[in-house]
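Thanks for sharing this one. Below are a few friendly notes to read beside the structure.

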Amino acid sequence: MAAVGPWGAGCHRAVRVDLGEDRTVEAGVPVELGSNEPGAPAVTWEAGDGTPAFEGARVSHAYASAGTYTARALVSGEEVGRVKFTVVPRPVLRAVPAGARTVLWLPQLRGNLEPLIDFYERLIGAENARQSLDETPLMALLLRGIDGGPSVVDPDEGAGFFFLPEFDGTVALVGVTEPEAAMEAVLRAAQDVGHDVSPVEDGVARLRPAEGGEEMLLFVDRGYLYLVVPETPEAPPEGAPVQAMAVVPPTPTRDADYARRAVLGLTGPGLSEDPVLHELRPKVAEGSVYLYSGPAAEEGDEAPLLRGVFASVSVKPDRLDLDGFLSSSEPLLQGASAPASALLSQTAQGPVAAAQLSIPPEELAKLAFGSPGSERRARTLERWRDRGLDAEALLKTLRGDVAMLVYFDAPAFLKHLIQNKRPEARGSVLVDAGLTSAAPVLRLIDEHLEDAPLRYTEEKVQGGKVYRTQLRGQPVELRVGPERATLVAGESLDGRPRGDVGAALRERFGGEAFGAGHVSLMVDLGQLRADLRGTKAIPGISTAELVTAKSFLSAMLEQLTPLELGFLDFSLAEGGARVKGRLTLRDDGWESLR
């Protein structure tokens, strides 16, 4: 509200103390109080947040943290005006310049950072995680808050990093409540890991990395602490020619001051109201961490194919879930689709890895060789012809569905380990591709095998052939028919139950993963462990030897990785494409392989 008051005895005129109406402001962003009238006398201001009173005709003050505060104007101890401020956390995207093209961020630290750090510690080990995080100055500041110690980080604000098209490097930022103390804490952490730190001048500190490299900048602006890290250029190989004149297109600058000027010059909402970001946000699930990348720079008047990418990562104690959407200016892959793999519909159950590629052959050719008529395609096809392969003819025979399954043979692995005293992979690999015609494929294989030193046998079957050989002591069979080509390498799968593996995977991961039009990948170390646990006896191997081998494997797997499952799926959708993913850690209490 506005207040009018006298400035004490003897004043010839009343001066308006311009406080404005009660309003909502953002933490860290200065608000203006007082009069702009010429000759307006100074008054005493109490911000209401516990900071010392200050004087002036017109002053600026920033509230450090969220809350409700009443600012008062005083003359000779008597109140002449007041206004109430509702202070809310400043969204991290409002602290990122609108020109940033890629940003990864946590919307707020409270409730998001803790599970992320916990997952990271479980993934690579607590000691390794803390060491790597402590070596990053801003992370050391964040960890103090997580550990329960005194912290100057604002838990209700966010953190992240972003990239500017004109700057070759990264800018990290985090919301803070005490700017000076935050800078001091980061500088101490930087010195602890050997960085050379300059004194703070004009609100800026300069850091020179201990291992050499470009100078970094540390500064605070409107409630956020920024660390500018230029990319260190790679030294040219010894003997490589050095270009003396600037005849190449200009590259982004590594001048850290450029990035600082971009932050200080930020006005308005920053990146928070980017139209593509707003369009994509409802298409993606809520998460703990978000990623946004806007369209690349346009060439001439041609709009970029990819308009933007938005993704979220939801963090749980033992799992990360990825949900993302790619927006395109025209249908990706020309909107075409391909069938699901026939291999997945009826095959051995329990693979430790599965992959499916369901893409029309010509679109696959564009990805592998380049667009028709392009120089890249001509060069690639020429290299294939030099090896005696007609890649385009082969691609024309593909139906668009390719799948691979990998199985682990636990009994064979354990038997070889016990008898030969060393681990060696044992299992089976199945690769299957749908065909429109067998003749070109058979002709290509026969031509390639004519001069090959490989020993093999072949058998004619209805509409095709079966080729058999041995590789590293393992049987390999390639069966080519009028509708599909199937490669089977490794141990026999006859003893495994059969079923619809594709349906089981879709039920497990939801949606239509491993279905028509999907590119899907899964690695299941939990299945590998289950196969080992399920091996109770092996002919010719004693129980004691088997228990010892399984105990050894249990310890080895625990040391190698805590991962239980990895999954990724890409599929076309209206307006672009959707990406789903999952990363799961094993339960700390998982049972022994015995």
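**Notes on two pockets and a lysine**

1. The largest pocket has a volume of about 960 Å³. It is lined by 43 residues, and Thr136, Met139, Gly160, Phe161 and Ala172 are the closest to its centre. Please keep in mind that this is a predicted model.

2. As for what makes up that lining, helix 1 (residues 113–124) gives the largest share, with 6 residues. By class, the lining of the largest pocket holds 31 nonpolar, 8 polar and 4 charged residues.

3. The second largest pocket encloses about 770 Å³. Among its 29 lining residues, Leu394, Val441, Ile445, Leu478 and Leu487 are the closest to the centre. Elements that give two or more residues to this lining include helix 9 (391–396), strand 25 and strand 26 (474–480), while helix 11 supplies the largest share, 5 residues. The lining of the second largest pocket counts 24 nonpolar, 4 polar and 1 charged residues.

4. Lys465 deserves a look too. Lys465 sits in strand 25 (residues 464–471). Is Lys465 buried or exposed? Its relative accessible area is 13%, so Lys465 falls under the 20% cut-off and counts as buried.

5. Which side chains make polar contacts with the side chain of Lys465? One is that of Asp446, at 3.1 Å, and another is that of Glu458, also at 3.1 Å. Beyond four places in sequence, the residues in contact with Lys465 include Leu442, Glu459, Lys460, Arg479 and Val480. Leu478 is also in contact with Lys465, and Leu478 is one of the residues closest to the centre of the second largest pocket.

Notes:
Residues numbered from 1 in each chain as written. Predicted model: local features only at pLDDT ≥ 70, side-chain atom pairs only at ≥ 80, totals over all residues. Heavy atoms only, no water. Helix = DSSP H or I, 4+ residues; strand = E, 2+ residues; numbered from the N terminus. Buried < 20%, exposed > 50% of the residue type's maximum accessible area, 1.4 Å probe, protein only. Polar contact = N/O pair within 3.5 Å; in protein donor to acceptor, adjacent residues only side chain to side chain. Contact = heavy atoms within 4.5 Å. 1 Å grid on protein atoms, 1.4 Å probe; cavity = no way out; pocket = protein on both sides within 12 Å on 5 of 7 lines; lining within 4 Å. Points joined across faces, edges and corners; volume = space filled by probe spheres on them. Nonpolar A, V, L, I, M, F, W, Y, C, P; charged D, E, K, R; others polar.
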